[in-house]
Amino acid sequence: MGCLRGYILSAMMLIALPVICRAAATESILAKNISVHVNNMRLGTVLKTIEQKGNFTFSYNSNIVKTDSLVTVNADNWTIKEVLDHMLMNRFEYKETHNFVILRYAPLQLSLTTEKAAAEDDEYSISGFVTDEQSGKRLENASVYDRVLLQSTLTDKDGHFELHLKNNGQPVTLTISKEFYKDTTITFLAGVTVNPNTGKSKSLIDYVISGDSDGIENTSLGRLFISTKQQIQAANLHGLIAQAPFQASAIPGVSTHAEFSGQVVNTVSLNAVGGYNAGVDGFELGLIFNLDKGDVGAVQIAGIFNVVGGNVNGIQLGGLYNNVLGSVRGIQLSLLHNSVKRDLNGIQLSGLYNHTRGAVRGIQLGALGNIAGQKFSGIQLAGLFNYARNLRGVQLGLVNFADTSSGYSIGLINIVRYGYHKLALSANETLDANVALKTGSKNFYTIWRGGMRFNDNSKLYGFGFGFGRELGLGKRLALNPELTQQYIYQGNWTRTNQLSRIDAGLTYKFGKNFSINAGPSLNIFYSDQRSQVNGYAYVRDLHHSFINDSKAWSGWVGWSVGISFF
């Protein structure tokens, strides 16, 4: 167990970076011995078996590690590394962090040729060439970096690099990384190369497991604001992360961590225009934007937008837009749009709409709409529309959609794809024939209905809207309490004739698609029409009212009988 300390010098300021202490594992995961005997078994299944035997977890890109491929292994007391080398044909590099083993596709080997390695006063200068070990070809855009001082550079088109480091009298260890190549680490002492190797060295650098495999570099805003050099660094050093207490930047690449900023998790991050970091574990403020490859914790504020490749735990405030490629646990606020690729546990609030592709447990509040791509447990509140794939909460909106529902959709139009859909035909004491469309879930469905009275001398027309619920009383019996509000046309459109009706229908189901129902109803009728129109019925005269001494209100007990389809 040790503690490393380093300092970083940039064009903007000189800051001291206290270095975190890391505990070395008492036993390497890759050195553990296991026995595996499989014949033509899926690679993904074998990897899970090794995880269980070794009590750890693999992390890998499923687009590169072909888990559907078949492997055969007969290993007695082999190390985990030996088993992996056999199955993956020595084409991968393995990195350990905490209780994870990362599989990195690296079939090729790098080589470094030193041109200069000399100490001059307070500076240590190192230059040289990076080549492909097998072909000898000089490699462009290989990352060369000091893991302690967090300084890095890229090789040019001729494979050449040059680094100027602070000379603190200690050995200098450089690591060379490039996509699809195994890392190479070389230690320099007093201008002499003393330890070229391809093994794992002690450093501040660790691996970040969470986050989206595609990365923020592949988002539209990431491509726009992250420089080509930083994108190359991200590809070469994918997952290699250092920690620092503070960083300040003007724009991505112009910061206290220079072009290594995308590999550093900061406790505090302050960005004049915008910043690009590995993550934040404290507080981040960007006057225009913040871009973070990994997780963001506590508080993140941006004048225009935030884009996070990992998870957000805390409060995220974006002037116009927030996009999280992982999950959110906390509060997400923006004037226009919030997007979460995985799960939300908390609150989303936007002036336009919210979109969460994973499960939601909490509240979505959008002036225009809300989208939950998986299970939704909580409240969706929107001015126009809500969508949830699996609704287990409440939707409040003009139009509500769900694929499945065990919750409540409250709005003018509620559609559950695999839910409650009924076409009902009925008659009652006021209207001879009624047709109603009922959609939603058994817990709560919307009713659109219309009806008429056929008598030529006493016609009536009615149309309205309501809600209902089906209460199961057994396999075939159910009780359907329904509340509807209807306008009754008595021959004069300028008059208000509103009928509020509560039906308590007992339903008997003959099968999945046909049922009959009948039951009593309670009716309250308000009308400011004081006289009958020729050819139309006058509702007040049709029923005996239990409301006395009122010219506008009347009430009666009625009935309803009908059939339903679907």
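How much accessible surface does the protein chain have, and what percentage of it belongs to carbon and sulfur atoms? In this predicted model, the accessible surface of the protein chain comes to about 26,400 Å², and carbon and sulfur atoms hold 57% of it. Of the 566 residues in the chain, 49% are buried.

The overall build comes next. The protein chain contains five helices and 49 strands. Its radius of gyration is 35 Å, whereas the globule rule gives 24 Å for 566 residues, so the chain is more spread out than a compact globule. The C-alpha trace spans about 110 × 60 × 40 Å along its principal axes. Among contacts with a separation of 6 or more, 39% join residues 24 or more positions apart. As for charge, the chain carries 49 positive and 42 negative charges, and the mean positions of these two sets lie 12 Å apart.

Turning to the interior, the largest nonpolar core has 24 residues. Ile 50, Leu 84, Met 87 and Leu 103 are the residues with the most contacts inside this core. Two or more residues are given to it by each of strand E5 (33-42), helix H1 (43-54), strand E7 (70-79), helix H2 (80-88), strand E8 (92-97) and strand E9 (100-105). Helix H2 makes the greatest contribution, with five residues. Leu 84 offers a good view of the packing here: with neighbours within four places in sequence left aside, this residue is in contact with Leu 30, Leu 47, Phe 58, Met 89, Tyr 94 and Leu 103. A second, separate core is made up of 19 residues, including Ala 117, Val 172, Leu 174 and Ile 176.

Helix H2 deserves a further look. Its buried residues are Ile 80, Val 83, Leu 84, Asp 85, Met 87 and Leu 88, and the elements covering them include E5, H1, strand E6 (57-59), E7, E8 and E9. Just after H2, Met 89 adopts a positive phi of about 55 degrees; Met 89 is also one of the contacts of Leu 84.

Helix H4 (residues 228-236) can be described in the same way. Gln 230, Ile 232, Gln 233, Ala 234 and Asn 236 are its buried residues. Their cover includes E9, strand E12 (143-146), strand E13 (151-154), strand E15 (172-177) and strand E23 (274-277). Strand E9 thus appears again, having also been listed among the elements that give two or more residues to the largest core.

Two loop residues other than glycine also have positive phi values. Asn 141, with phi near 60 degrees, sits in the loop between strand E11 (123-132) and E12. This residue counts as partly exposed because its relative accessibility is 23%, where the partly exposed range runs between 20% and 50%. Phe 180 has phi near 75 degrees and lies in the loop between E15 and strand E16 (181-182). With a relative accessibility of 37%, Phe 180 likewise counts as partly exposed.

Towards the end of the chain, Ser 564 belongs to strand E49 (residues 553-565). Its relative accessibility is 6%, so Ser 564 counts as buried. Beyond its neighbours within four places in sequence, Ser 564 is in contact with Leu 423, Ala 424, Asn 513, Phe 514, Ser 515 and Asn 517.

How values were computed
Residues are numbered from 1 along each chain as its sequence is written. This is a predicted model: local features need pLDDT of at least 70, side-chain atom pairs count only at pLDDT 80 or more; totals for chains, interfaces and linings use all residues. Side-chain values use heavy atoms; hydrogens and water are left out. Helices (H or I, at least four residues) and strands (E, at least two) are DSSP runs, numbered from the N terminus. The radius of gyration is taken over C-alpha atoms; the globule rule is 2.2 Å times the number of residues to the power 0.38. Buried means under 20% relative accessible area, exposed over 50%, partly exposed in between (1.4 Å probe, protein chains only). Contact means heavy atoms within 4.5 Å. Accessible areas come from the Shrake-Rupley method with a 1.4 Å probe; for residues, only the protein chains shown count as cover. Lys and Arg count as positive and Asp and Glu as negative; His and the chain ends are not counted. The place of a charge is taken as NZ of Lys, CZ of Arg, CG of Asp or CD of Glu. A nonpolar core is a set of buried Ala, Val, Leu, Ile, Met, Phe, Trp, Tyr and Cys residues joined through side-chain atoms within 4.5 Å.
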